[in-house]
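Reader: I should like to go through this structure by question and answer. Please begin with its interior and then turn to individual residues.

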Amino acid sequence: TEYKVEHYLQDLDLNGYTLKDTEELTGTTGATVTATAKTYEGFTFDNTVEGTVESGEIKGDGSLVLKLYYTRNTDTGYKVEHYLQNLEDEDFTLKETEELTGTTGATVTATPRTYTGFTFDSTVEGTKESGEIEGDGSLVLKLYYVKANNLKYTVHYYLENTTVSLEKDKVFDKAVFGKTYEEEAADISGYELIGDETQTVSFEQTTEDQEITFYYRLIPVTLVVDLTADDKSDTVMYDATEHTIIDTFTLTADDPANTVTASGEDFIITVNGRDYKLTGLKLSGGTGTDVDTYPVAIDGQYQVVTTIDDQEVDMTNSFTVVLPEDAALTITPAYVTLTSGTSSKTYDGTALTNPEVTQEGTYYERDGELTWNVTGTQTAVGSSPNYFTILINGDAVPLTPAPAQEDITPVEEEGQEPIQPIQEARNEVVTHHGRQYGDFDEIITTQNYVIRLVYGTLTVTDPGTPTPPPTPPTPPTPPTPPTFTIDPTPAPAAAAPAAAPVATPAVLGATRDEEIIAPEEPAVLGESRTRQTGDESQIPARILLMMICAGAIVTIMMIGRKKEEEQ
């Protein structure tokens, strides 16, 4: 006898059941039969479901129907696989697999996961975003992720220590995840790069926007202080007034392409078309009255600023103000020349003096009073310097010998007496140059002056002696002595003495006739000699010779005395 077993599967909405299979079976009429549950993947037989008939007696008319109900499993497994694109190529590699469960038969959709640097791309071949959960858990969903290729980095070109742009930013928004990018610094006119010329940015671990910053500074500008503007000299001669060279200084750029303009106490420096304002530059020193060197120094701190994109930027580090080498005010000594008078007279037994002293140059009241005391005198025939001494504020300046300075090495002419050493008077240095050094006999250096002394000459002449010539003349050749002839025949004894012959007067230079001279008695040493004929004829020549010799002796004596005085 026939009977049926109907198998019902729970609907997807879990609100009802739907007949899945019907078994047509047979058995003995009246026999009790029990249905055997079938296996449906994703379903579980549930005998508690209302309407379930697991067993019954077979009716003779074949009307027995057994009913089994199966509920849907809600923990049926399925998988979701996630694939990431390789960094080194365009292929994909399984990153991870999700083991999920759901209600059998239900349609499920995979949820893309978040992977740094990757973006889910549903267009990749093989993608399966959703599917129905198979009762056997065989459902596998596949999602593919491509590398991000819209990553961004920005390159900045900033002025050092600021965020002021010197060049428009470079923006790159097509960077690919996993890659490293290198950028080179831009070449910006008038500025120099600080740091490396290249920088890199990496997207191997991040997708965040990145930045590269190159810093620049202005190519250093050197400004030189000009202390002698407007034809002002940095060296002046002492005049008892204060001088300064820092009141009207200017600045000059060492690069002619840059210009500097004064603006009150400030300066505007134009570099590459941009203006920079320098303020606070002060100088010290360079001011004085007395003879000395007064160095100049930069006093305090100066600042240089400019305005970029409405921002005031401190640019002091790019500017250097320097002073000229040996920048200083030099005040040199004033020169005063004192010259004593020169006089002469004929010897009269009294002293010759001349108190007159002429002064060239000013000795300023600020330093006191300069006076002098003339001590030169000459009484005897001859000449001597008209010496004088000087007094400052009534105090005499003595000339005391001191060792010669090593740095003075005068050139002496052949035969010249040694040059006198430098001397010292109180706190002043006195240098005895001698005339071979110029027209000064003494040079006295005080703090603010160089006082030069010139001694005049006092000369007393001999009233009876003509001024001897500089060089004694060559004496003339003495005249040839006359020749005397003596008659050897003796005179008769009885005869009267003969009259003495009368000599003819001699004329200098005339030819003289030979005369016969009477024989003389033999001369006896120490006996008075009787003048003989011819002696008077030589008197004029002898007088002339004596005068010449006397003149030569006087000349030699005067030359010797003059040398002693000069020494």
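**Cores, loops and strands**

Author: In this predicted model, the largest nonpolar core has 79 residues, and those touching the most other members are Leu223, Leu227, Leu278, Phe319, Leu338, Ile390 and Ile451.

Reader: Which strand gives the largest share of this core?

Author: The core in question is the one with 79 residues. Its largest share amounts to five residues, and these come from residues 151-159, strand E13.

Reader: Which residues does Ile451 contact, neighbours within four places in sequence left aside?

Author: Ile451 belongs to the group of core residues that touch the most other members. Two further residues of that group, Leu338 and Ile390, are also in contact with Ile451. With neighbours within four places left aside, the full list is Val336, Leu338, Tyr363, Leu370, Ile390, Glu442, Ile443, Ile444 and Thr446.

Reader: How many residues are in the other core that lies apart from the largest one?

Author: Among the members of this other core are Tyr40, Ile58, Leu68 and Tyr70. Two of these, Leu68 and Tyr70, are in contact with Ala37. The number of residues in this core is 12.

Reader: Is His7 buried or exposed?

Author: His7 is part of strand E1, which covers residues 2-10. A residue counts as buried under 20% relative accessible area. Because the value for His7 is 0%, His7 is buried.

Reader: Which side chains make polar contacts with the side chain of His7?

Author: Beyond four places in sequence, the residues that His7 touches include Thr18, Lys38, Tyr40 and Leu68. Glu23 and Tyr70 are also among the residues touched. The side chain of His7 forms a polar contact of 2.7 Å with that of Glu23, and another, of 2.8 Å, with the side chain of Tyr70.

Reader: Is Ala37 buried, partly exposed or exposed?

Author: Ala37 sits in the loop between strand E3 (32-34) and strand E4 (43-45). Leaving aside neighbours within four places, its contacts are Phe45, Leu68 and Tyr70. Buried requires under 20% and exposed over 50%. Because its relative accessibility is 36%, Ala37 is partly exposed.

Reader: What separates the C-alpha atoms of Ala37 and Tyr70?

Author: Along the chain, Ala37 and Tyr70 are 33 residues apart. They are nevertheless in contact. Their C-alpha separation is 8.9 Å.

Reader: Which residue's side chain joins that of Asn448 in a polar contact of 3.1 Å?

Author: Asn448 lies in the loop from strand E43 (442-445) to strand E44 (449-454) and is buried at 3% relative accessible area. Beyond four places in sequence, Asn448 touches Tyr238, Asp290, Val291, Pro333, Ala334, Arg366 and Asp367. The side-chain partner at 3.1 Å is Asp290.

Reader: How far apart in space are Ile392 and Leu370, C-alpha to C-alpha?

Author: Ile392 belongs to strand E38, residues 388-392, and is buried at 7% relative accessibility. In sequence, Ile392 and Leu370 are 22 residues apart. Their C-alpha to C-alpha distance is 4.8 Å.

Reader: For the protein chain as a whole, what percentage of the residues is buried?

Author: The protein chain contains one helix and 47 strands. Its accessible surface is about 34900 Å², with 49% belonging to carbon and sulfur atoms. Of its 567 residues, the buried portion is 32%.

Conventions:
Residues are numbered from 1 along each chain as its sequence is written. This is a predicted model: local features need pLDDT of at least 70, side-chain atom pairs count only at pLDDT 80 or more; totals for chains, interfaces and linings use all residues. Side-chain values use heavy atoms; hydrogens and water are left out. Helices (H or I, at least four residues) and strands (E, at least two) are DSSP runs, numbered from the N terminus. Buried means under 20% relative accessible area, exposed over 50%, partly exposed in between (1.4 Å probe, protein chains only). Accessible areas come from the Shrake-Rupley method with a 1.4 Å probe; for residues, only the protein chains shown count as cover. Contact means heavy atoms within 4.5 Å. A polar contact is a pair of N or O atoms within 3.5 Å; within protein, one must be able to donate a hydrogen and the other to accept it, and residues adjacent in sequence count only if both atoms are side-chain atoms. A nonpolar core is a set of buried Ala, Val, Leu, Ile, Met, Phe, Trp, Tyr and Cys residues joined through side-chain atoms within 4.5 Å.
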